[in-house]
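Dear colleague,

I am passing on to you the structure we spoke about, and I would be glad if you could look it over with the notes below beside it.

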Amino acid sequence: MSYKRQEIPQSEISRQLEICARVRERLAAAGRPMLALVDTYGCQQNESDSEVLRGYLREMGCGFTDDEFQADIIVVNTCAVREHAEMRILGNVGALNHAKKAKPDQIIALCGCMVQQEHMAERVKRSYPIVNLVFGPHELWRFPELLERSMTGKKRVFETRQSDGAVSEGMPRARDGALKGWLSVMYGCNNFCTYCVVPYVRGRERSRRPEDIVREARSLVENGCKDITLLGQNVNSYGRDLGLGVDFADLIRMINDIPGEFLIRFMTSHPKDATEKLFKTMAECKKCARQLHLPVQAGNDRVLRAMNRGYTAAQYIEKAELARRYMPDLVLTTDIIAGFPGETDGEFADTLELVRRVRYDAMFTFIYSPRVGTPAAALPDPMPRQDKQKNFDRLLELSNAISQEKHNEYVGRTLRVLVDGENSDRQYPLTSRTNGGRLVHLRGGRELIGQFTDVKIEKAATWALFGEAAE
Ligand code: SAH
Ligand code: SF4
């Protein structure tokens with residue numbers, strides 16, 4: 001696979017910021033502030049991209065609203081990983097009809113992975129005339145230019161050309177909150193798991209330069225961020241394309257050296273590339289959270305091969321055990337797909353067996369969803385949906401039982417948590433996360449929000465722990 005690393009020159013980003021200034025002036029002259037709504041679906045990378053969308057919109061002088069009837073600009077940042085997400089997005093876009101009727105000048109834009117697929121861009125063009133602007137993930141850096149074009153021109157704008165993708169630095173960003181921050185370390189994926197659409201819509205693996213990442217991490221910490229999540233489809237291949245001799249473990253160490261009390265999390269780690277060096281580095285770096293999301297997808301070797309995952313169940317278990325040897329208190333989570341084409345009940349039983357063996361703290365489980373253009377979508381898929389659902393339900397039941405047992409083990413222990421907000425529970429009004437990322441509902445005063453504190457765990461449920469802030 002040949003891919004030449006491509007960086008967007010700073011002059012191009014400056015040009016986008018000039019366009020923002022021009023739009024801002026024009027709106028100011030019209031004497032009316034514009035309101036924007038950014039609606040985000042899918043993964044953390046999309047959340048991070050939406051921060052850039054809002055950053056650019058803020059540069060244009062926009063305020064923000066949640067009300068589609070108030071919004072002058074609506075941007076829907078879409079996901080393509082499963083059909084369910086796509087159907088929900090299309091339903092919600094269809095429902096914007098009413099807002100657009102009430103506000104005919106409203107600009108409706110669709111961006112992200114769903115519309116990067118040719119058949120979906122076509123469908124939007126044909127069946128959703130209310131949509132003015134469509135652009136894929138590769139065009140994010142030039143959103144101002146595309147938005148200006150759709151505001152001033154008469155034609156609808158569609159920009160979804162195929163691309164391996166590039167790396168762009170220096171885009172403005174409006175972050176959601178100060179306490180937690182997303183930090184992309186790389187983009188794209190080269191793994192081509194046979195069920196997955198991501199490599200087709202997000203392009204080839206390309207890493208940001210370590211100095212750019214460390215600079216951003218430092219600025220996050222200086223601005224009060226206490227929980228940084230490093231993002232990439234497969235963070236374990238970080239740096240390969242740069243050829244600087246800096247791998248992901250080295251990067252963790254560099255961020256760990258930044259002064260201040262904060263936590264480093266990351267996702268996602270592909271099991272085939274997770275190394276002993278990574279586990280050792282995690283164990284040695286005080287600021288690196290004892291949390292590892294290591295998606296296994298299936299527990300049967302034939303299915304894993306058909307998925308093109310690059311490891312066997314035994315190799316996976318060995319890696320998980322190695323990680324736990326370095327970090328006995330590690331919180332281990334995973335993703336599993338039930339009903340991959342051709343998977344039999346017997347093969348699925350191997351997945352359940354693997355889950356019983358590894359005992360995950362939490363699992364994200366999905367029913368296989370065929371994706372246009374992926375190899376798995378062309379495989380015979382004889383198992384009826386209701387049988388896949390039965391397997392899925394068994395998996396969920398097992399997963400919940402294990403999570404509950406693991407949570408019960410926390411009762412009576414004192415854990416260090418980061419208090420991140422409030423909830424409506426009168427008895428436990430605060431929310432917090434443990435070092436391993438478990439949710440803790442907390443009794444304590446509001447002044448704890450934004451602080452690390454020790455908490456004595458009093459009770460446990462499947463999805464959360466409950467406790468009181470310890471003096
Ligand atoms: N790069 C990450 C995340 C990819 S998408 C990784 O490799 O783990 C997140 C999860 O969605 C995947 O781990 C997989 O479990 C699930 N997924 C991806 N494609 C899917 C499909 N076609 N049907 C059902 N689940 C899918
Ligand atoms: Fe998809 Fe596999 Fe890449 Fe993850 S590693 S994004 S599942 S192709």
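The notes that follow deal with a pocket and then with the strands.

Please keep in mind throughout that this is a predicted model.

The pocket I looked at is the second largest, which holds about 560 Å³ of space. Its lining is made up of 26 residues, and those that lie nearest the centre are Arg290, Asp329, Thr434, Asn435 and Gly436. Two elements, strand 15 (414-422) and strand 16 (430-434), each give two or more residues to this lining, and the largest share, four residues, comes from strand 15. Sorted by character, the lining residues of the second largest pocket divide into twelve charged, ten nonpolar and four polar. Where does the second largest pocket lie with respect to domain 2 (180-408) and domain 3 (414-469)? Both domains give residues to the lining, so the pocket lies between them.

Strand 16, which helps to line that pocket, also takes part in a run of pairings. With strand 17 (residues 439-443), strand 16 pairs in the antiparallel sense over four bridges, and within this pairing Thr431 stands opposite His441 of strand 17. The two strands form a hairpin with four residues between them, and Gly437, which sits in the turn, has a positive phi of about 90°. Strand 17 pairs in addition with strand 19 (residues 465-469), here in the parallel sense and again over four bridges, with Val440 standing opposite Leu465 of strand 19.

Elsewhere in the model there is an open sheet of six strands, whose order is 2-1-3-4-5-6 and whose pairing is parallel. Strand 2 (63-64) and strand 6 (157-159) stand at the edges, and each has a single partner strand, so one side of each is left without a neighbour in the sheet. Within the sheet, strand 1 (residues 35-40) and strand 3 (residues 73-78) pair in the parallel sense over five bridges, and Val38 has Val75, in strand 3, as its bridge partner. Helix 7 (residues 143-152) packs on this sheet, where it touches strand 3, strand 4 (107-112), strand 5 (133-135) and strand 6. The direction of helix 7 makes about 155° with that of strand 5.

If you begin with the pocket, Arg290, Asp329, Thr434, Asn435 and Gly436 may serve as landmarks, since these are the lining residues that lie nearest its centre.

With best wishes

How values were computed
Residues are numbered from 1 along each chain as its sequence is written. Chains are lettered from A and ligands numbered from 1 in the order in which they are written. This is a predicted model: local features need pLDDT of at least 70, side-chain atom pairs count only at pLDDT 80 or more; totals for chains, interfaces and linings use all residues. Side-chain values use heavy atoms; hydrogens and water are left out. On a 1 Å grid over the protein atoms alone, a cavity is a set of points where a 1.4 Å probe fits but cannot get out, and a pocket is an open set with protein on both sides within 12 Å along at least five of seven lines; lining residues have an atom within 4 Å of a point. Grid points are joined across faces, edges and corners, and a volume is the space filled by probe spheres set on the points. Ala, Val, Leu, Ile, Met, Phe, Trp, Tyr, Cys and Pro count as nonpolar, Asp, Glu, Lys and Arg as charged, and the others, Gly among them, as polar. Domain bounds come from an automatic or database domain assignment. Two strands pair if DSSP finds at least two bridges between them. Contact means heavy atoms within 4.5 Å. Axes are lines fitted to C-alpha atoms, for helices over the stretch in contact, and angles run from 0 to 180 degrees between N-to-C directions.
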